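Reader: I should like to learn how to read the features of a protein model. May we go through them one at a time?

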Amino acid sequence: MIVFTVISGAKNEDALCYLLEVDDEVRIMLDCGWNDEFNVEDLKHLRRVAKQVDALLLSHPDLSHLGAYPYAYGHFGLSCPVYATVPVVHMGRMCMYDIFQSKVNEAMFDTFALDNVDAAFEKVNTLKYSQPMVLGGKCKGITITAYAAGHTIGGTIWKIKKDTEEIVYAVDYNHKKERHLDGTVLHINGVVLDALSRPSLMITDAYNSLIIHPARKYRDAALFDTITNTMKNKGSVLLPTDSSARVLELAYLLDQHWAFYQVSYPLILLTHQSYRTIQFAKSMLEWMSDAINRQFDTNNDNLILYASSRYLRLCHRYKELSKYPGPKVVLASNSSLDTGYARDLLLEWGTSESNALILTDRGPPNSLARKLYDEWDRLSQSNDGPVKPPVNLNLMMNLLIKKKVPLEGTELSEYMSELRKKQEREAAQAALIAKSLSIIEDDESDESESEIGDTDIEELLSKNFDLYVRDATKYGGFFKQTQSYLMFPYVEKRKRYDDYGEIIQVDQFARGIGDENAGDGDVNGDKADMNSDKDEFDKEDSTNVFPESNVPTKYVSYEQEIKFQCQIRFIDLEGTNDGRSLKTIVPQVQPRKLIVVHASPEATNDFAQSCLAIKSMTRDVYTPDVGEVLNVSAATNFYQVKLTDALVSSLKLSKLEDYDIAFVNGKISFPPDSSLPVLDVVPIEELSSGTHNPVFVGEVKLTELKRVLQSEGITAEFKDEGVLVCNEKVAVRKTPNGQLILEGSLSDDYYKIRTIIYAQHAIL
């Protein structure tokens, strides 16, 4: 029994979160996304089911796939095992760090803390691609496997298997090769991976069902032309992006262009975690494309490592841009333009006609990026060509500006006065505590001295004597007597113990953290190792009263009318399949049932109708709404019976993969002393005459059959929508219900191919 529930992200473009129930016992959550507004009301459906979840699978390291996980872990009791690839864990953590700092820099933010992020991601179990993992506990009997999805580093297509049920969860995948990533394994060279074909249920998105991407060469050319023309006009270019996923492709693409043409203008990556993002990218080379791995093997160098030191400048503070005057290209977070450095730069640069804004994705719904995209789409509708040209904005918008500013004047004086009073109170409190501790230690010292003074010798010499001379009168007897001698005075302080052992005084082990390792890009010094030995870190002004990270600040917010006059252009570099690819790949997967999620209502209906229009495609195509519960169970029933020894000895077992199967002709009985029915041999007098017809068991995949035929010296090629033509005489095709049909003239080739096909089955 399989039940699917939409928590978020169906018939809309909101964050992704779904619940899968298997056999009415196991609940598996698929992704746990949020948006950068962090409105807790958006998680009302998640709140109801969080404590019931038995496993969570994360597919991509961005906000829309894992943004709600730290909050659900800390506030909703989502304590189940979590599974993801290594890049999803590391880059997902960087994504949450960056968005947290972006929110803290503009307003009071207490929805979650970095401690919640760290605690949540420490609980994630990591997997490698194509590594089956058998779940335990309540999930016993379920196997999950991660496959490469493309789109983001570590991006995953999940396969969930329980008995005969196979579920494929494939969202935001990309079959095309990119510069730093290979395409998804779901569809390689026009063929679907056998392990992912014909699943019982496929869950996929239709985000780009209505979009057709131009060829990559046209999009790349449009990007470089826009950048070059803008910088020639003494303008700067802003590319909003995420902080840990798609930013790697954009940075690598631009760095290659900079290196090939020796561009002199600065190329800057501005995120709160820019250094750590690049450091993690260096350590995850095996998760990147084969091209990068080959170049690494040839040059013994990581291209991203090389790029980050020559062309790509890493900045984590907004003020560091002042070191690069004149025209520049800046990759800044976040892509929504609702928060982060990208929004700050847009407010500064967007009012100038010489600057340009390049959107590489459409942005989340209702975000500033989506509004600007809609304006660009409206203005550029009359233009033809592979990629629509840039347009000049003349748009007046009323925006809410939120920022953190330093205190000045009277506010600073009042703050300093309150700070001094607070320090005085803390000093007085500390002195009182120290005095109390001193009194307690004196009392304990007295007790220690009284214990040390204990002796077995009668009439201890008076205190006027410095040394003790053994009293001969007390010595005698057959047995030796233990005697104590008074030594020079020494009081040993007692060690304090609690339930965990000796109490450690923390101040003896505390180490100071230098101000040079902490900037306003970090919240805690240990939360971001920013390679302080690099020249990119600014030196603190010695004339400043406060270190920069300790400058007293306040939050302000106000509405402001802003007139955007910059150039704007949308160039789709989000790295997902377009509508044509989606409508080609999914029918080739041939799922028995299909659920379409994460798309606008128009795109959802378009994709569903295109699937239903294909004759070989399943009729069970579902398009649920948020909160809707679907029962997508297959018509398969399992029964447990007990076999008698006589029946087992009569079976003729055949091997099929990991199973031993046989045709059984038996009789069911229900013994009163057992809860299980018993299957026994049929008495001879009750046997009907004749034998049963042969039964072919097993599912033969045409791609595997092609390989077997070729190994037997038979020429086999796919023609005409999946028909396997052998030696130009025999055709093998598969019906929608999985039945193989062999067609051709009776010949030696026909019988040889039929024998090979029979050998792929277990015949009972």
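Reader: Which residues do ring pairs link into a cluster?

Author: The model is a predicted one. In it, ring pairs join Trp 34, Phe 38, Tyr 71, Phe 76, Phe 100, Phe 109 and Phe 112 into a cluster. One pair in this structure is that of Tyr 71 and Phe 76, which is edge-to-face, with 5.3 Å centre to centre and 90° between the planes. Tyr 71 is buried, as is Phe 76.

Reader: How many aromatic pairs does the structure hold, and why is the pair of Phe 4 and Tyr 18 stacked?

Author: The structure holds 19 aromatic pairs. Planes under 30 degrees apart count as stacked. The planes of Phe 4 and Tyr 18 are at 25°, with the ring centres 5.7 Å apart, so this pair is stacked. Phe 4 belongs to strand β1 (residues 2-8) and Tyr 18 to strand β2 (residues 17-22); the two are 14 residues apart, and the pair links distant parts of the chain. Both Phe 4 and Tyr 18 are buried.

Reader: How should I read a helix such as α6, and what covers its buried residues?

Author: One may begin with its span. Helix α6 (residues 216-232) has 17 residues and reaches 24 Å from its first C-alpha to its last, close to the 24 Å expected at 1.5 Å a residue. One then asks which residues are buried; in α6 they are Arg 219, Asp 220, Ala 222, Leu 223, Phe 224, Thr 226, Ile 227, Thr 230 and Met 231. Their cover includes helix α7 (247-261) and the strands β14 (237-241), β17 (329-333), β18 (356-359) and β24 (567-570). After α6 comes Lys 234, with a positive phi near 65°.

Reader: Which residues form a nonpolar patch on the surface, and is Val 641 buried or partly exposed?

Author: The patch consists of Val 641, Leu 643, Val 648, Ile 668 and Phe 670, which together have about 450 Å² of accessible area. Val 641 counts as partly exposed because its relative accessibility is 35%, and partly exposed lies between 20% and 50%. Val 641 is found in the loop between β27 (629-631) and β28 (642-643).

Reader: What may be said of the protein as a whole?

Author: The protein has 18 helices and 38 strands. Of its 764 residues, 46% count as buried. The accessible surface comes to about 40600 Å², and 50% of this belongs to carbon and sulfur atoms. Among contacts with a separation of 6 or more, 72% are between residues 24 or more positions apart.

Key:
Residues numbered from 1 in each chain as written. Predicted model: local features only at pLDDT ≥ 70, side-chain atom pairs only at ≥ 80, totals over all residues. Heavy atoms only, no water. Phe/Tyr/Trp six-rings, centres within 6.5 Å; stacked < 30°, edge-to-face > 60°. Helix = DSSP H or I, 4+ residues; strand = E, 2+ residues; numbered from the N terminus. Buried < 20%, exposed > 50% of the residue type's maximum accessible area, 1.4 Å probe, protein only. Patch = residues over 30% accessible without salt bridge, like charges linked within 9 Å, V, L, I, M, F, W, Y side chains within 5 Å. Areas by Shrake-Rupley, 256 points an atom, 1.4 Å probe, with all protein chains shown as cover. Salt bridge = Lys/Arg side-chain N within 4 Å of Asp/Glu carboxyl O. Expected span 1.5 Å × (residues − 1). Contact = heavy atoms within 4.5 Å.
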